[in-house]
Amino acid sequence: MSNSDSTVIGVIFLIRHGDRQGFYQNPTNYNPANTVITPLGLREEFITGEYLRNVYLNASSPSFIQGINSTIADPNQITVVADAAGEGGVIMNSAEALLQGFFPPNANYSTTLANGTIVEAPLGGYQVSFESALAENDVSLEGWTSCAPFDKATSEFYQSAEFNQTAQDNADFFTNLPQYLDGRSDVNLENMWNIFDYMNVNYIHNATFRSKLPPTLLPQARNLAAFHEYGVFTSPQLDGIGNIGFRTMLPGIFQGLSSITNSSDPLKIYYNAIAYKSFFTLFRMTGAVDQSPQLTGLVNYAASVSIEVRQPSSGGEPVLRLQFKNGTEEDAQTTFNWFNTSGDIPVSTFTNYLAPVAINSTADWCTVCSNTQDRGCGAISAAASQAAIADQVHQPISPVGAGFLGAGLALFVALCMLGTLFFIGVLSLGQRKGRTRHNQRSSTQSSDVRA
């Protein structure tokens with residue numbers, strides 16, 4: 001289906017953060033060390049935002065989102081959730097910079113006070129609004145963290161014949177590498193992500209390192225890092241634990257699609273700001289890598305996936321189109337095929353295929369990850385224990401007394417359970433627990449991110 005055969009009614013964005021300083025991850029459980037974004041990273045995100053604005057918010061573009069306010073960001077039309085976990089503030093900073101390019105300052109972003117004073121937002125009408133997903137009790141954007149079965153699968157991958165053969169095939173590479181790693185230990189395939197990240201960061205920011213590094217080493221390190229991360233963050237089975245990073249994202253994406261395709265709902269854009277990991281998972285779970293093997297590679301900084309929601313001009317069910325732009329090095333998006341077909345797919349094809357493996361709640365995640373303590377699982381376990389105690393209470397009193405006692409105890413336990421679940425975000429009133437709203441629109445809401 002060409003652009004002339006359909007119109008864009010909304011977009012799901014999945015966008016990687018920009019350039020940052022070095023980032024260490026424990027290779028056995030992916031517990032991270034902190035890092036910070038660089039001015040280059042902010043610039044990459046801003047440029048990406050400008051590009052996406054030109055594609056989707058430019059009324060003369062064939063991919064203009066129908067019905068969107070393209071000058072003043074309408075919070076009812078755009079939902080942005082940024083990962084606030086593994087890489088510290090890097091992903092939140094990236095989302096903020098991208099949004100400044102996507103919705104640049106506008107002098108019309110102002111308000112008139114009761115006394116008649118007109119107040120314009122600072123920096124010429126600066127407008128940024130997003131939520132941050134905190135790992136402590138929001139599993140949606142980092143499903144692998146504190147997940148024992150995922151750690152077990154990672155260990156099994158390291159012990160696999162394929163992994164060991166790859167290590168043997170690249171033995172000369174690892175033997176030659178230490179002289180460029182400033183005394184770092186663990187120069188092996190298991191630690192490949194950290195080796196590549198050190199090399200890549202220094203190649204970008206350290207002129208001495210760049211001048212001494214042979215030209216073939218960094219590409220080889222990148223390919224090995226991609227092999228490593230693809231093996232960790234994907235599974236051949238759709239419900240495999242390696243796919244958990246995208247399986248936890250699916251409920252939010254489904255909700256975004258449902259809202260966009262509902263003509264009575266104002267939502268036009270659903271944007272997840274994420275790390276590189278879930279790109280591997282997305283491309284494998286949707287079959288995009290089967291038709292385009294280059295998608296098994298490590299995506300660049302500021303890489304963007306745009307899942308366009310399109311309404312065919314002939315009517316009928318909306319369709320989805322997969323667009324990918326691998327960072328600022330590429331000039332434009334490329335359309336990729338997925339789901340073992342060519343061209344656009346019906347929304348129902350996407351949802352029906354992936355919905356059975358979606359992890360729809362923190363409670364589901366606790367079960368999948370065999371976790372009874374972390375990320376809200378402790379509170380869920382406590383609530384379950386309270387329910388079990390209620391079921392087991394037996395008192396030798398009269399039937400009438402038993403009725404009163406049972407009703408009172410059931411009410412007490414129910415209130416305890418509800419209170420616990422509201423606290424951890426399994427149930428919510430309004431905004432999801434575990435997410436912090438970062439919004440320039442309200443003086444009562446604070447933000448801990450900086451441009």
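# Notebook: loops, sheet and salt bridges

**Entry 1, N243.** I began with N243, which lies in the loop between helix 9 (217-232) and helix 10 (244-247). I note here that the model is predicted. Is N243 buried or exposed? I looked up its relative accessibility and found 0%, so N243 counts as buried. I then asked what the side chain of N243 reaches. It reaches the backbone oxygen of Q237, at 3.0 Å. I also listed the contacts of N243, leaving aside neighbours within four places in sequence. The list holds F233, T234, S235, Q237, L238, T281 and M285. Q237 thus turns up in the contact list as well as in the side-chain to backbone pair.

**Entry 2, N300.** I turned to another loop asparagine. N300 is found between helix 13 (288-291) and strand 7 (304-312). Its relative accessible area is 17%. The cut-off for buried is under 20%, so N300 counts as buried. With neighbours within four places in sequence left aside, I found N300 in contact with R16, R222, N326, G327 and E329.

**Entry 3, strand 1.** I checked how well strand 1 (6-16) is covered. I found 10 of its 11 residues buried, and I recorded the strand as mostly covered. Which strands does strand 1 pair with? Strand 7 is one partner: the two run antiparallel and nine bridges join them. I picked G10 as an example, and its bridge partner in strand 7 is V309. Strand 6 (residues 269-274) is another partner, paired with strand 1 in the parallel sense over six bridges. Among the positions I looked up, L14 stands opposite N272 in strand 6, and I12 has Y270 of strand 6 as its bridge partner.

**Entry 4, strand 6.** I went on to strand 6. How many of its six residues are buried? I counted six, so to speak of cover, the strand is mostly covered by the definition of under 20% relative accessible area. I sorted the residues by face: I269, Y271 and A273 are on one side, and Y270, N272 and I274 are on the other. Both faces are covered. Strand 6 also pairs with strand 2 in the parallel sense, over five bridges. In that pairing I noted V80 opposite Y271 of strand 6.

**Entry 5, helix 14.** I looked at helix 14 (residues 347-354) for buried positions and noted V347, F350 and L354. Where do they sit around the axis? They cover an arc of only 70°, which puts them on the same side of helix 14. I recalled that an α-helix has 3.6 residues a turn, so residues three or four places apart point the same way. I then asked what the buried residues of helix 14 pack against. I found helix 10, helix 11 (250-260), helix 12 (277-285), strand 8 and strand 10.

**Entry 6, salt bridges.** I searched the whole structure for salt bridges and found six. One of them joins the side chains of E87 and R20, at 2.8 Å from N to O. E87 lies in the loop between strand 2 (78-83) and helix 2 (90-102), and R20 in the loop between strand 1 and helix 1 (39-56), so the pair ties together parts that are 67 residues apart in sequence. I checked both for cover: E87 is buried, and R20 is too.

I noted another bridge between R310 and E308, whose closest N and O atoms are 2.8 Å apart. R310 and E308 are both buried.

I looked up R321 next, and it forms a salt bridge with D344, again with the closest N and O atoms 2.8 Å apart. R321 lies in strand 8 (residues 319-325) and D344 in the loop between strand 9 (334-336) and strand 10 (345-346), so this pair ties together parts that are 23 residues apart in sequence. Are the two partners buried or exposed? R321 has 6% relative accessibility and counts as buried. D344 has 16% and counts as buried too.

Last, I checked for shared partners, and found that salt bridges join R20, E87 and D197 into one network.

Technical notes:
Residues are numbered from 1 along each chain as its sequence is written. This is a predicted model: local features need pLDDT of at least 70, side-chain atom pairs count only at pLDDT 80 or more; totals for chains, interfaces and linings use all residues. Side-chain values use heavy atoms; hydrogens and water are left out. A salt bridge is a side-chain nitrogen of Lys or Arg within 4 Å of a carboxyl oxygen of Asp or Glu. Buried means under 20% relative accessible area, exposed over 50%, partly exposed in between (1.4 Å probe, protein chains only). A polar contact is a pair of N or O atoms within 3.5 Å; within protein, one must be able to donate a hydrogen and the other to accept it, and residues adjacent in sequence count only if both atoms are side-chain atoms. Contact means heavy atoms within 4.5 Å. The arc is that of the directions from the helix axis to the C-beta atoms. Two strands pair if DSSP finds at least two bridges between them.
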